[in-house]
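Subject: Structure for you to look through

Dear colleague,

Here is the structure that I promised to pass on to you, together with its sequence. Please open it beside this message, and then read on for what was found in it.

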Amino acid sequence: MALQVKSFGSMSEAAAALASDRTARFMSGGTLLMRAINEGDTSISMLVRSTDAAYRQIRSESARIEIGAGARMVDILANRDLAFLHPAARIVGGPAVRAMATVGGNLFAAAPYGDLATALLALDAIVTVQGAYGSAQQIPIEQLLQSRDRATGLVTSVTVPRPASPDAFRFRKVSRVKPKGVSVLSIAAHLPLAGGRLSNARIAYGAMAPTPIRARAVERALEGRSLDAAGIAPGLAAATEGTSPATDALATAWYRREVLPVHLRRLLLGETG
Amino acid sequence: MLEFRKEFFKDERDDNLNEVGQPRQRQDMLGHVTGRTRYFDDHAFEGLLHLKVLRSPHSHARLRSIDTAAAERAPGVKRVIRAADVPVNKNTLLSLINFGKDDEPLLAVDKVRYKGEPILAVVAESEAAAYDALAKVRVEYDPLPAVFDVEEALKPGAPVVNETYPANTFEYHEKYNHQKLRFGDVERAFAQADFVVEERYQMSPIEHAPTETNGSIAAPETNDRFVVHSSTQALFFSLGTAAKLLDVPSNRLHYIGGTVGGGFGGKVDSLTEPLSILGAMLTGRPVRYVLNREEEMLYGCPRGAERHYIKDGVMRDGRIVARKVTSYFDAGAYTRLSSYGAVKCAAHIPGPYTIPNVCADVYCVYTNRTPATAMRGFGITGVDFSLEVQMDKLAHKVGMDPMEFRILNAYRDGDMKAHRREAHNCALIECVQVAAEKANWPISDTYRRMNSLTGGGGERAVIPATATDENGRIGGGRPATGTTSRPPAPPPRVPLPAAAQPRAPQPQPAMSQPRVAPPPPAPPPPAAQPVKPAATPQHGATRFSSVFGTRRR
Amino acid sequence: MTKTPVQFRLNGSDKAVFVDGGENLLNVLRRGVGDMSAKYGCGQGTCGVCTVLIDGEPQLACLTLAETCAGRSVETALGLSDGPNLHPLQNAFMDHFAAQCGFCTSGMLMAAKALLDRNPSPTREDVAEAISGNICRCTGYEPIINAILDAASKRGGQASGG
């Protein structure tokens, strides 16, 4: 193999190495990158790694939690402060994949992967990106996701605000195989209530577009509504707006659009099944 | 954990077996749980090279040009293997038993006939180097119209998939383009039936998806032999196939196998050994050829898709009086085992039931899909599923319980089967009764009292006057699709003169003989002309000739 | 082509290998060290036949960059038995006919070991979850789940109802 592997103690050194070579890729958990290498992807000539301990740490503050991009699904699951993210972290891959796959890697996972990124999108997460030069920048996760194919720099951490209440953040993954299975689609929703009415709700979809996306039409339709069957009806009517799901081995685009409102309804009403 | 219902047929059996019927530990279980069971890939070879194959991206195309110059110069590449390097570049798996014509190249010559067909192979120091080299090969294709549906493939003007069989059907003994089963006169029986039920059943190709992919390692050994570790389920098939393709005496090949990481029928086609051995011959080093998971799922042979049209005539009282089946096996681009699968299908029609009028046409059809192969009871599971769903529909039609309906129509000892063999050792009725008991499915006393030993034979042992036809004669043009064309006007329903009557086998004396397995059902004996002697020397063994009807009884 | 030295512990023994850039742990175990128990099934992380334990956690060797194992402890199925004595999981798999072709067995055992080392009294659901990353095409999983529950109960943990 002509592949080179370079490890760096600091994130900025790693970012500089990435920037210096267009065929270099940063390896976080490796679950996506090693697959590409195993399958003979000839476009990768260098793997860049960081051994910086901070890369994997999870730091809690009063209003928000900063998750190192190298934190794995099992690290999230071991952290009580992140209980609201457990439903999303728990259904990524199987147990071994969860012991390897990282938050940072999930941000760049092509659809239909990227369930955790979907959850983070609904939480208005802020992503810290370290470029080759200068200090790190904070950008909204939505901006990173939409520009990720052209992204330069290194995602070092993701900061999420704590949800309004334990029940306010919900996540649902639809897959053919359970418990482990790739998404037909996933839905994350942050549903703060003010006086019994939805206020600034955030809805995000996974596998309904090339990247996780916000369902803005649904969010607008739900503003000020009650979280019951009658209240959510306009939101359900707008469920598929802005979506462009793919047809793949798991499901057709048609199927994904058909079942999305059903699962959105179940999520909003707190129904299982 | 095993329950034996020894009350059935107890008069026919000594219960003196010490091993059969007792639970015993698998001889390889200790190896499995200690991680020491050796699969083909669990062998170390110094200097091991890796082989990867360039596959056609088109379902049907001419190969206009192939340029391997850059690939040959690529780092780590030891050899590029082309079609011209293959000593005998045309084979069919069952040539080992003289069945069928050679129709499949190991490496494509001028045409590719399915997406994924191997065109050439690169042998390199590592898999990554082989992948890199493959990316440097330049091939120019002229895509051709392709056909993916069995009935479309049989229409006039359909693209010819496989020039060895220009009508897109396998040719049975150079006589007919399908397997024919004729017994009685179904058209007359349909006219007299109270109900006629006609349905179409379709199944898709099914991928075995073993956890271990197909693969082999071949290495030069002492005595100018090659040792071959293979995932094959069929060591002798694989040895014979490689010996033929590589034109070496079989005693130069030392095959070691027997432990398969999941076969299910998907490891009988010798997908990798001929190339890994050829690679070892051409490089003088051990060569490993393993399908990666994508190759296994997409290009590893699946169970072939089948389509069955079943038309039944049934009386109000539940007796099925006629069954007509037209089946199409999608062999994909090459024959492999589908020709035999169709024979097995014909042998299963009309199911374990005594039906006085049976007509079946079973086609093995070529399409531009991945060549199909065996999988778990291949040739019979698709048709049996279709027949059993049909039985449920018939039961519903006449308002009978489906279990009782099966018991009513089940064959009994002494009945004449459509294949002109007398039924022996029937046990369907008892199986249905026990299944009903296990499922807490009530069946009436009348049906609970029925059994396989009573009620058979007599009139049910007679071979009826049978309407035959010459449809599908080789050289007679393409067959009609959907249903077979009408046979000529049937003869009157009187017993034929003794001299002309086919010899009916003598009914066996009831119950006093030990149970023996009935002879395998064979297609009806060929019509009066003698079998044409083979012009070319036969490659394989003749001992299966009775199965395929090449030997007169 | 530069090779990188990697030292790690395998089933309690020190190992030292030279790895190519980008080489995965599965290849190093099988071709570098000669431990053939972990298998290749997909190279994608979907089938689980390459499941090993690294520092006690279940990981997929085919997706693990070999050099990340430096200084760490790797366990494979070859290290399960204690001399000639089988691990309770191995005995239980034999008792329950929890293997047919055997190709998934090494990975299954390691996934099961990871579970029982962490949770000695798993429910049936816990067991199903623990092997959810391991595909078996032969047994239908029930004998494997029964074997794992049986091994748990024999080790002193109570197999919880469920």
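Two residues are in contact if their C-beta atoms, placed from the backbone, lie within 7 Å. Please keep in mind throughout that this is a predicted model.

With that meaning of contact, 23 residues of chain A are in contact with 26 residues of chain C. On the side of chain A that touches chain C, the elements that give two or more residues are β1 (4–8), α2 (33–38) and α5 (95–98) of chain A, and the largest share, four residues, comes from α2(A). If you sort the residues on this side of chain A by character, you will find 14 nonpolar, six polar and three charged.

Chain B also touches chain A, with six residues of chain B in contact with four residues of chain A. The residues on the chain B side of this interface divide into three nonpolar, two polar and one charged.

Within chain B, the domain assignment gives domain 1, made of 49–144 and 208–298, and domain 2, made of 151–205 and 306–489. The centres of these two domains of chain B, taken over C-alpha atoms, are separated by 37 Å, and 20 residues of domain 1 of chain B are in contact with 23 residues of domain 2 of chain B. On the side of domain 1 of chain B that touches domain 2 of chain B, seven residues are nonpolar, eight are polar and five are charged.

Turning to the sheet in chain A, you can follow five strands in the order β4-β5-β8-β6-β7 (chain A), which form an open sheet with antiparallel pairing. Which strands stand at the edges of this sheet? They are β4 (58–60) and β7 (137–140) of chain A, and each has a single partner strand, so one side of each is left without a neighbour in the sheet. Neighbouring strands of the sheet are turned by 25° against each other on average, direction ignored. Strand β5 (residues 64–68) of chain A pairs with strand β8 (residues 154–161) of chain A in the antiparallel sense, over five bridges, and Gly68(A) has Ser157(A) in β8(A) as its bridge partner. Helix α1 (residues 11–20) of chain A packs on this sheet, where it touches β6 (126–130) and β8 of chain A, and the direction of α1 makes about 125° with that of β8(A).

Lastly, some details of the backbone deserve a careful look. Most residues other than glycine have a negative phi, and most peptide bonds are trans. The peptide bond from Ala111(A) to Pro112(A), however, is cis, with omega near 10°, and Pro112(A) is placed in the loop between α6 (103–107) and α7 (115–122) of chain A. Another cis peptide bond joins Ile349(B) and Pro350(B), with omega about 5°, and Pro350(B) is found in the loop between α9 (338–348) and β15 (358–366) of chain B.

Asn168(B), although it is not a glycine, has a positive phi of about 65°, and it lies in the loop between α4 (150–153) and β7 (179–183) of chain B. Is Asn168(B) buried or exposed? Asn168(B) has 24 C-beta neighbours inside 10 Å and therefore counts as buried. Phe97(C) is not a glycine either, and has a positive phi of about 50°; its place is in the loop between α2 (88–95) and α3 (105–118) of chain C. Phe97(C) is partly exposed, because 17 other C-beta atoms lie within 10 Å.

With best wishes

Conventions
Residues numbered from 1 in each chain as written. Chains lettered and ligands numbered in written order. Predicted model: local features only at pLDDT ≥ 70, side-chain atom pairs only at ≥ 80, totals over all residues. Domains from an automatic or database assignment. Nonpolar A, V, L, I, M, F, W, Y, C, P; charged D, E, K, R; others polar. Pairing = 2+ DSSP bridges. Axes fitted to C-alpha atoms, helices over the stretch in contact; angles between N-to-C directions. Buried ≥ 20, exposed ≤ 12 C-beta atoms within 10 Å, placed from the backbone.
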